[in-house]
Amino acid sequence: LQATSVIETGIDRLLHLTSGNVYLLTGALMFVLACGATFLGLFSEYLAIVPLVLALGQRLQLPKLFAAAVVILSAAIGYAASVTNPIVLAVAQPLAQVPVFSGLLPRLTIFLVMFVLGAGFVLLYLRRLPKVHHIPEASGLTIRQVSVLVGLGAGATVLVVGTGLWSWGTAEHAALFIAWALALAWAGGVR
């Protein structure tokens, strides 16, 4: 990923699309992560996102605490509310002898209130930091960079499906990560 500079190019494109508005970028990123946790049950899968958010924070000259706050707060708020989280609700609600997915409206309300509070906390933290003055020009992605991004998405999909549907363990995850790294290196032209 570093050899093809796909992360830096992607971050530059995001900054260009938001005109360097760190508040908009942070709020949107937190909302997407929180929705993934509350509606789909994603949580440990976000470990793969931490380096990307960390790279975004470094590009914006923000402290490392920024990446941790964005990912951890978003995931924790979403998972705690579990609006339609199939992993938690399919187990907990039958144990409580209530219909699966009942109580949707109160959980959605809790999610929205907690998200506003959590995002507000991070955005207030950002206000104390120096402003980002340099908005890089967005350059087009090369074919190698697009190939790496497609491989990244495909590998992430296999990781989520393998973990969720096929109950992969450590051996399967290790094999996937090795194959994934080799495929990304090949797609990026790294020798």
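Read along the sequence, the protein chain follows the pattern α-α-α-α-α-α-α-α, and the predicted model accordingly holds eight helices and zero strands. Along its principal axes, the C-alpha trace of the chain spans about 55 × 45 × 25 Å. Of the 191 residues, 34% count as buried, and among contacts between residues at least 6 apart in sequence, 74% join residues at least 24 apart. The mean pLDDT of the chain is 86, with 96% of its residues reaching 70 or more. Confidence is lowest in α1, where the mean is 78, and highest in α6, where the mean is 95. Where pLDDT is low, the predicted coordinates should not be read in detail.

The largest nonpolar core comprises 40 residues, and those with the most contacts inside it are Tyr 46, Leu 62, Val 70 and Phe 111. Helices α1, α2, α3 (50-59), α4 (64-81), α6, α7 and α8 each supply at least two residues of this core, and α4 gives the most to it, with eight residues.

Helix α4 has 18 residues and reaches 26 Å from its first C-alpha to its last, close to the 26 Å expected at 1.5 Å a residue. Its buried residues are Phe 66, Ala 67, Ala 69, Val 70, Val 71, Ser 74, Ala 75, Ile 77, Gly 78 and Ala 81, and what covers them includes α2, α3 and α6. Val 70 thus appears both among the buried residues of α4 and among the residues with the most contacts inside the largest core. The helix is followed by Ser 82, whose phi is positive, near 40°.

Several residues of α4 recur in the surroundings of two residues numbered above 100. When residues up to four places away in sequence are not counted, Phe 111 touches Ala 34, Cys 35, Thr 38, Ile 77, Gly 78, Ala 81 and Val 83; of these, Ile 77, Gly 78 and Ala 81 are buried residues of α4. Arg 107, which is found in helix α6, is buried, with a relative accessible area of 13%, a value that lies under the 20% limit for burial. Leaving aside neighbours within four places in sequence, Arg 107 is in contact with Ala 81, Ser 82, Val 83, Leu 89, Gln 93, Phe 101 and Ser 102. Ala 81 and Val 83 are therefore found in the contact lists of both Phe 111 and Arg 107, while Ser 82, the residue that follows α4, is listed for Arg 107.The structure holds six aromatic pairs. In one of them, the rings of Phe 31 and Phe 115 have their centres 5.4 Å apart and their planes at 70°, so the pair is edge-to-face. Phe 31 lies in helix α2 (residues 22-40) and Phe 115 in helix α6 (residues 104-127), so the pair ties together parts that are 84 residues apart in sequence. The two partners differ in their exposure: Phe 31, at 37% relative accessibility, counts as partly exposed, whereas Phe 115 is buried, with a relative accessible area of 12%. Phe 31 and Phe 115 also belong, together with Phe 39 and Phe 111, to one aromatic cluster. Phe 111 is in addition one of the residues with the most contacts inside the largest nonpolar core.

Helix α7 (residues 143-164) has 22 residues and reaches 31 Å from its first C-alpha to its last, close to the 32 Å expected at 1.5 Å a residue. Within α7, Gln 145, Val 148, Gly 155, Leu 159 and Gly 162 are buried. Seen down the axis of the helix, these buried residues fall within an arc of 120°, so they line one face of α7. On the other side of this helix, Ile 143, Val 150 and Gly 164 are exposed. What covers the buried residues of α7 includes α1 (6-17) and α8 (170-188).

A further contact with α7 comes from Thr 4, which lies in the segment before α1. Thr 4 is buried, with a relative accessible area of 12%, and, when residues up to four places away in sequence are not counted, touches Gln 145, Val 148 and Gly 188. Of these contacts, Gln 145 and Val 148 are among the buried residues of α7.

Key:
Residues numbered from 1 in each chain as written. Predicted model: local features only at pLDDT ≥ 70, side-chain atom pairs only at ≥ 80, totals over all residues. Heavy atoms only, no water. Helix = DSSP H or I, 4+ residues; strand = E, 2+ residues; numbered from the N terminus. Expected span 1.5 Å × (residues − 1). Buried < 20%, exposed > 50% of the residue type's maximum accessible area, 1.4 Å probe, protein only. Arc of directions from axis to C-beta. Contact = heavy atoms within 4.5 Å. Phe/Tyr/Trp six-rings, centres within 6.5 Å; stacked < 30°, edge-to-face > 60°. Core = buried A, V, L, I, M, F, W, Y, C linked by side-chain atoms within 4.5 Å. pLDDT = per-residue confidence, 0-100.
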